[in-house]
Amino acid sequence: FPSHDTLTALDLAKRLYQALDTPLSLSCYLLAKYGEYQQLVTKSVNPSWYLHPARFFRDYQAVKLLSKFPNLDTGIDRQATAKKKFIEAETLCAETNVRFRDIWSSGDTSPFSASVGHVLWRAQQKISNILGDVPLYEELEFRFGPGAAFGVRGETSVHNKVSSTLECTFAMLPILGDFLAEFPGWIRTDTAEVLPRNGSQLTFVPKDAKTDRPICIEPLLNGLYQKGVGTYIRSRLKRHGVNLDDQSINQKLARRAYFDQLSTVDFSSASDTIAYNLVLDLLPIDWFEFLDVARCPRYLIEDNWYNFHKFTSMGNAYTFELETLIFYSLACACCEELDIPFETGENLHVYGDDVIIPRGAFDLFAEVSSHCGFLPNQEKSYKSGEFFESCGHDYFQGYFVRPFLIKKEFTTVEDAYYATNQVLETNRFSNESSCSRMYFFDLVSRPCDL
């Protein structure tokens with residue numbers, strides 16, 4: 001084909017809408033043709049409307065195709081949307097903190113069932129068992145993450161970070177002597193000058209066509225400490241069967257959910273709804289203090305500082321491991337409370353806020369999660385039915401139906417062909433029934449040849 005011919009992402013999308021050839025996909029074509037992009041990116045499908053995986057895939061592909069494409073003029077202020085969600089999450093965390101304070105003073109979990117209290121107690125024991133004793137600094141693997149720090153922007157290489165001014169929150173100052181002693185080749189503790197910070201800076205990065213993602217940029221030494229703690233919690237989780245280095249466990253269980261009576265659960269803004277008092281309630285006090293010393297208690301936005309109601313945010317380097325620990329422990333505790341047999345990696349697993357759980361425990365897990373201040377994502381959580389999804393894999397009656405997503409602009413047919421074939425290679429699964437494998441070739445590659 002003429003590989004250097006011009007082909008934009010929108011051109012490719014319109015060709016694919018036509019090739020899918022369903023009433024819904026053709027309506028997407030018309031919306032794209034006439035620039036009705038806000039209506040286009042807010043379209044959705046309900047899996048319960050479908051009986052056949054191929055028919056579902058065609059419509060699912062249509063509504064998802066441009067859902068992650070950031071270059072559409074939708075008229076949506078993505079940053080304002082993200083800021084609104086962030087504030088709503090903070091409000092939810094404040095309410096959760098009050099709820100736990102009330103429980104501590106009265107012991108009453110109303111209006112939730114008595115089982116919620118039992119589950120929280122079981123989760124406390126599970127977390128204590130997973131974490132074990134608080135480690136010494138010498139047991140932790142401290143390293144810098146790839147992102148920016150409060151005082152390090154632009155070029156965020158390790159060289160720039162080790163050459164920059166040291167900074168941390170006020171709460172870390174008392175432990176700096178012992179902490180910095182772990183880096184004798186980098187810092188002389190008797191001469192180190194450290195700039196205290198009030199907390200982190202809230203900023204926003206692109207997420208999808210409808211909203212940005214809120215990210216809190218941590219002070220340099222806080223981030224270094226957090227990374228070591230997160231890596232340690234990750235290793236402790238792995239000892240108990242939760243492997244955060246392998247998304248395929250969740251993905252395989254999502255495929256089996258239709259056959260094995262499993263449910264898939266996802267949460268809205270999970271990283272922003274880990275309330276301070278929830279962590280205080282669930283973690284052993286020495287572990288709580290170990291994490292608390294390096295969290296940011298405040299955030300900066302538009303030159304103003306505000307107190308966090310959450311314990312940790314997206315940007316804190318142990319957030320992912322901490323939320324996994326919490327959701328895993330709650331899921332296990334729900335199964336134990338209901339006497340439902342479970343085995344990690346076989347019928348229960350957690351990756352961040354992606355949870356796979358036996359179907360019989362779904363309702364209690366949803367209730368406990370709500371009590372803890374988490375919001376199950378109704379559009380991405382499936383107790384039963386034909387469709388299940390987790391960690392980027394979508395299945396309808398056990399058939400893989402993950403759609404192709406256009407996430408960046410193209411300039412030529414060659415670019416589009418390369419991108420679509422990368423998706424084909426990524427989604428080539430052995431020993432799995434794949435509906436979308438056939439349709440990717442037929443419906444994605446073919447328009448590129450025009």
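In this predicted model, K310 and E90 form a salt bridge, with 2.6 Å between the closest N and O atoms. The pair ties together distant parts of the chain. K310 sits in the loop between β8 and α13 (319-337), E90 lies in helix α5, and 220 residues separate the two. Both K310 and E90 are buried.

Across the whole structure, the search yields 15 salt bridges. Side chains of opposite charge can pair when their charged atoms come close. Helix α5 supplies another case. There, E88 and K84 are joined by a salt bridge with an N to O distance of 2.6 Å. The two residues are four positions apart in helix α5, about one turn of the helix. E88 is partly exposed, at a relative accessible area of 40%. K84 is exposed, at 52%.

Helix α10 (residues 248-260) also carries an intrahelical pair, R256 and D260, again four residues apart and about one turn of the helix. Their salt bridge has its closest N and O atoms 2.9 Å apart. R256 is partly exposed, with a relative accessible area of 25%. D260 is also partly exposed, at 35% relative accessibility. Elsewhere, R234, K238, D245 and E321 are joined into one network by salt bridges that share partners.

Charged residues also form patches on the surface. A positive patch comprises K64, K68, K85, K207, K210, R213, K380 and K407. Among these, K85 belongs to helix α5 (residues 78-106). K85 has a relative accessible area of 35% and is therefore classed as partly exposed, since that class spans the range between under 20% and over 50%. A negative patch is built from D133, E138, E139, D178, E182, D286 and E289. One of its members, D178, lies in helix α8 (residues 176-180). With a relative accessible area of 57%, D178 is exposed.

Backbone geometry was examined next. Most residues other than glycine have a negative phi. S269 has a positive value, with phi near 55°. This residue is placed in the loop between β6 (267-268) and α11 (276-282). S269 is partly exposed, at 25% relative accessibility. E302 likewise has a positive phi, near 50°, in a residue other than glycine. The loop between β7 (298-301) and β8 (304-307) holds E302. E302 is exposed, with a relative accessible area of 58%.

Cysteine pairing was also assessed. The structure contains zero disulfides. For C93, the closest cysteine sulfur belongs to C216 and lies 12 Å away, so the two are too far apart for a bond. The cut-off for a disulfide is 2.5 Å between sulfur atoms. C391 takes part in no disulfide either, and its nearest cysteine sulfur, that of C332, is 16 Å away. C93 is buried, with a relative accessible area of 1%. C391 is buried too, at 9% relative accessibility.

Notes: Residues are numbered from 1 along each chain as its sequence is written. This is a predicted model: local features need pLDDT of at least 70, side-chain atom pairs count only at pLDDT 80 or more; totals for chains, interfaces and linings use all residues. Side-chain values use heavy atoms; hydrogens and water are left out. Buried means under 20% relative accessible area, exposed over 50%, partly exposed in between (1.4 Å probe, protein chains only). Patches are made of residues with over 30% relative accessible area and no salt bridge: like charges are joined within 9 Å, nonpolar side chains (Val, Leu, Ile, Met, Phe, Trp, Tyr) within 5 Å. Accessible areas come from the Shrake-Rupley method with a 1.4 Å probe; for residues, only the protein chains shown count as cover. A salt bridge is a side-chain nitrogen of Lys or Arg within 4 Å of a carboxyl oxygen of Asp or Glu. Lys and Arg count as positive and Asp and Glu as negative; His and the chain ends are not counted. The place of a charge is taken as NZ of Lys, CZ of Arg, CG of Asp or CD of Glu.
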